Amino acid sequence: MSKIIKKIKDKIIRVAIYIRVSTEEQAKHGYSIDSQRSRLIDWAKEHNYQIVDIYADEGKSARTKLSNRKELLRLLDDAKNDKIDRIIIWRLDRWFRNVADYYRVQDILDKHNIDWECSDEEYNTSTSNGRLYLNIKLSIAQNESDQTSDRIKFNFENMVRNKRPISGALPIGYKIEGEKQNKRVVKDPELSQMAIDMFDKFEETLSLRATTLYLHNNYPQRPIAYESVKTHLKNSLYYGCYRGVEKYCEPYITKERHKKIYDLIMKNHKKNNKSTHLFIFSGLIRCYDCKTRMSGSTAKRKHVDGEIIKYGTYKCCRHFLDCSCSNNHTINENKLENWLLENFIKELNNYIIKVEEIEEKQIIKDNKKKIEDLNSRLDRLNDLYIDGRITKEKYDKEYLDIQNKIKENKKDNNINKTRDLSRYKKILNNNNILDLYSKLTPENKRKFWFEYIDYIMQDEEKGFIIFFK
């Protein structure tokens with residue numbers, strides 16, 4: 001355990017199970033996601049922990065940036081929202097092998113009084129010796145990871161110099177041929193024309209989306225996403241260069257043509273990112289078809305007086321990028337904001353009523369179960385007394401204790417509420433809240449909605465459903 005915390009009597013400890021495994025480790029040592037999950041679930045049950053969620057970063061090494069360990073970031077969000085009391089991991093190296101990253105995360109956990117423990121190793125950071133031991137262990141793990149990284153880097157560099165492939169992931173038009181030491185990257189005759197058409201179509205249209213649509217329509221057997229088209233067009237492999245090694249493979253285009261295409265893509269990228277508009281609902285709206293979060297973009301329209309007006313819109317990335325989603329509706333930010341202002345209070349009130357009804361039913365159900373269990377205990381107690389296995393004094397004492405507990409549960413229907421709705425009710429009781437909203441900056445408007453709303457689902461009829469936190 002990382003620290004000794006003050007235990008509250010009868011408190012259920014809510015735990016997050018964190019799992020991490022890299023592809024190499026899984027293959028080499030069998031540190032699979034399933035084996036770690038099974039071990040940690042058993043550990044939680046043995047210690048009477050309540051599992052809040054399981055967070056699994058699969059295919060992520062210990063050196064992966066924190067920003068790329070998505071499940072760890074999700075765990076930290078839940079930690080900041082006080083959803084957990086403790087984190088359990090299999091071993092320390094599943095958690096971190098980097099001293100700096102460890103203390104960056106530990107600082108967040110300390111602020112929220114969250115500790116962690118390993119199922120197969122023991123740590124204690126409540127003492128100076130314990131902290132010293134942890135630092136030494138992390139430093140050793142980081143050094144081992146650095147050495148492994150250096151060896152892999154050296155081997156990869158040697159393979160590239162000898163024009164051998166170091167990965168099976170290749171852009172369209174290439175494949176790996178040969179065995180073991182003789183493997184080489186060669187042109188794939190089945191997809192060569194698709195690669196050629198990709199470059200020709202982009203130079204003709206100067207549009208990544210038009211190029212993507214063309215490839216979708218003409219090569220349905222090889223679906224490709226918008227972002228993949230952009231990545232392929234910028235790939236130096238197409239002019240025969242890989243990691244600085246020239247003539248690594250047979251080229252499709254010249255180096256000069258590749259540079260021209262690369263510059264066009266980057267120019268369009270900079271042009272598209274000049275917008276200074278702050279999207280209030282970016283990340284909050286989900287598509288009704290593919291359920292992904294919709295992204296913001298700016299649009300223009302001409303006012304009756306000739307003035308060009310810019311405004312925010314939201315659209316489904318999946319539809320516009322790879323055509324796998326049928327939702328081509330665009331949401332006007334101003335219309336969505338007006339809809340929310342008209343419906344937010346009503347929807348919030350309905351949400352509070354629904355949650356309270358569900359919790360009331362659950363409390364009654366829980367108490368009914370407790371009473372049934374107590375009556376069963378009473379029956380067993382009567383049997384013991386009739387059989388002469390307990391004294392009358394002990395029978396009277398336990399009988400009275402069970403009867404008192406039954407009475408308490410019959411009259412107490414307001415315990416164990418899990419949701420704190422006070423902040424939502426505060427909004428309902430503040431009649432001026434939406435008037436004050438109009439005076440907020442765009443940044444604070446965004447913070448307001450994110451404070452209460454988990455996400456907004458756009459439905460097929462262009463309406464909206466609010467999902468509160």
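## Strand β1 and its partners

R20 stands opposite D57, a residue of strand β2. That pairing is a good way into this predicted model, and it belongs to a longer contact between strands: β1 and β2 (residues 50-58) run in the parallel sense and are joined over 8 bridges. Strand β1 itself spans residues 14-21, and 7 of its 8 residues are buried, so you will find this strand mostly covered.

Strand β1 also pairs with β3, again in the parallel sense, over 3 bridges. Here you can look for A16, which stands opposite I87 in β3.

## A buried arginine with two acidic partners

Stay with strand β3 for a moment and find R86. This arginine forms a salt bridge with D115, and the closest N and O atoms are 3.0 Å apart. The two residues come from distant parts of the chain: R86 sits in strand β3 (residues 86-89) and D115 in strand β4 (residues 115-118), with their positions 29 residues apart in the numbering.

R86 meets E117 in a salt bridge as well, with an N to O distance of 3.7 Å. E117 lies in strand β4 while R86 lies in β3, so this pair ties together parts that are 31 residues apart in sequence.

Are these three residues buried or exposed? R86 has a relative accessible area of 2%, which makes it buried. D115 is buried too, at 0% relative accessibility, and E117 counts as buried at 4%. The cut-off for buried is under 20% relative accessible area.

## Salt bridges elsewhere

How many salt bridges does a search of the whole structure find? The total is 22. Another of them has a rather plain local setting: the side chains of K369 and D373 meet with an N to O distance of 3.1 Å. Both residues belong to helix α12 (residues 333-386), and because they are 4 residues apart there, about one helical turn separates them. K369 is partly exposed, with 47% relative accessibility, and D373 is partly exposed as well, with 37%. Salt bridges can also share partners, and in this way D53, E71 and R74 are joined into one network.

## An open sheet of three strands

Next, turn to a sheet built from 3 strands in the order β7-β11-β12; this sheet is open and its pairing is mixed. At its edges stand β7 (285-286) and β12 (464-468), and each has a single partner strand, so one side of each is left without a neighbour in the sheet.

Strand β11 (residues 453-458) and β12 run antiparallel, with 5 bridges joining them. Two pairs of residues help you trace this: M457 stands opposite I465 in β12, and Y455 has F467 of β12 as its bridge partner.

## Two faces and two helices

Which side chains of β12 point to the buried face? The side chains alternate along the strand: F464, I466 and F468 point to one face and are buried, whereas I465 and F467 point to the other and are not.

Helices pack on this sheet. Bridge partners in the sheet include M457 and I465, and α12 packs on the sheet by touching β7, β11 and β12, its direction making about 50 degrees with that of β12. Helix α16 (residues 442-452) packs there too, touching β11 and β12, and its direction makes about 95 degrees with that of β11.

## Cysteines

How many disulfides does the structure hold? The count is 0. In general, a disulfide is a covalent bond between the sulfur atoms of two cysteines. Among the cysteines you can look up are C118, which is buried at 4% relative accessibility, and C287, which is buried at 0%.

## The chain as a whole

Stepping back, the secondary structure of the chain comes to 16 helices and 12 strands. The chain has 469 residues, of which 36% count as buried. About 28700 Å² of the chain is exposed, and carbon and sulfur atoms supply 48% of that area.

Contacts give one more view of the fold. Among contacts in the chain with a separation of 6 or more, 62% are between residues 24 or more positions apart.

Technical notes
Residues numbered from 1 in each chain as written. Predicted model: local features only at pLDDT ≥ 70, side-chain atom pairs only at ≥ 80, totals over all residues. Heavy atoms only, no water. Salt bridge = Lys/Arg side-chain N within 4 Å of Asp/Glu carboxyl O. Buried < 20%, exposed > 50% of the residue type's maximum accessible area, 1.4 Å probe, protein only. Pairing = 2+ DSSP bridges. Contact = heavy atoms within 4.5 Å. Axes fitted to C-alpha atoms, helices over the stretch in contact; angles between N-to-C directions. Disulfide = S-S within 2.5 Å. Areas by Shrake-Rupley, 256 points an atom, 1.4 Å probe, with all protein chains shown as cover.
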